[in-house]
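User: Could you take a close look at the aromatic residues in this one and walk me through how they sit together?

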Amino acid sequence: MPFRVGSGHDTHRLAEGRPLILGGVIVPHTKGLVGHSDADAVLHAVTDALLGAAALGDIGDAYPDTDPKWKDADSRLFLTETLARLNQMGWKPVNLDVTIFAQEPKLGGAKAAIKTSLAHLLSLPADCVNVKAKTGEKVGHIGRGEAIGAHAVVLIQQGEAAR
Ligand code: MG
């Protein structure tokens, strides 16, 4: 049974006046992420990991930020469309591991909701999705609270048994 692994990484700048959306979940905070779409760094990293595993390029190829169509787009669309592309090729996710890098807010209380959201979006059992949170140790752009980053690793499987 063929397997592939993919990784994805994303960072977005934090600013006031935006909702903070991570993994499709609105996380209470005084600032949110800035981007052409809803700037959900977690979903962008997961989408890139899926594209990478299937050798389909990157999220910028698929959803260019120069296209007004994606202005303020709900990033769940990027993920579900990408998953549909993989499904058409016979690929199905096996498991997902995500790390979120944020000095603020503390994500301990949000991790469970983000995990549930990711499992739902990928049609995976909850025990096949993991969400970790790290601070920036108060150094660098993340540690200073200027940005939030996310890293994702996904395993996909192709074949009859995967469907
Ligand atoms: Mg992004």
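Analyst: Let's start with a term: buried means under 20% relative accessible area, exposed means over 50%, and partly exposed is in between, using a 1.4 Å probe and protein chains only. By that yardstick, Tyr-63 and Trp-70 are both buried, and Tyr-63 and Phe-78 are both buried too. A quick note on the source: this is a predicted model, where local features need pLDDT of at least 70, side-chain atom pairs count only at pLDDT 80 or more, and totals for chains, interfaces and linings use all residues. Residues are numbered from 1 along each chain as its sequence is written, and side-chain values use heavy atoms, with hydrogens and water left out.

Now the rings. Rings of Phe, Tyr and Trp (its six-membered ring) pair if their centres lie within 6.5 Å; planes under 30 degrees apart count as stacked, over 60 as edge-to-face and the rest as tilted. The structure holds 3 aromatic pairs. In one of them, the ring centres of Tyr-63 and Trp-70 are 5.0 Å apart with planes at 85°, so this pair is edge-to-face. Tyr-63 also pairs with Phe-78: here the centres are 4.4 Å apart and the planes at 25°, so this pair is stacked. That contact links distant parts of the chain, 15 residues apart, with Tyr-63 in the loop between α2 (59–62) and α3 (76–88) and Phe-78 in helix α3. (Helices are DSSP runs of H or I, at least four residues, and strands are runs of E, at least two, numbered from the N terminus.) Put together, Tyr-63, Trp-70 and Phe-78 make up one aromatic cluster.
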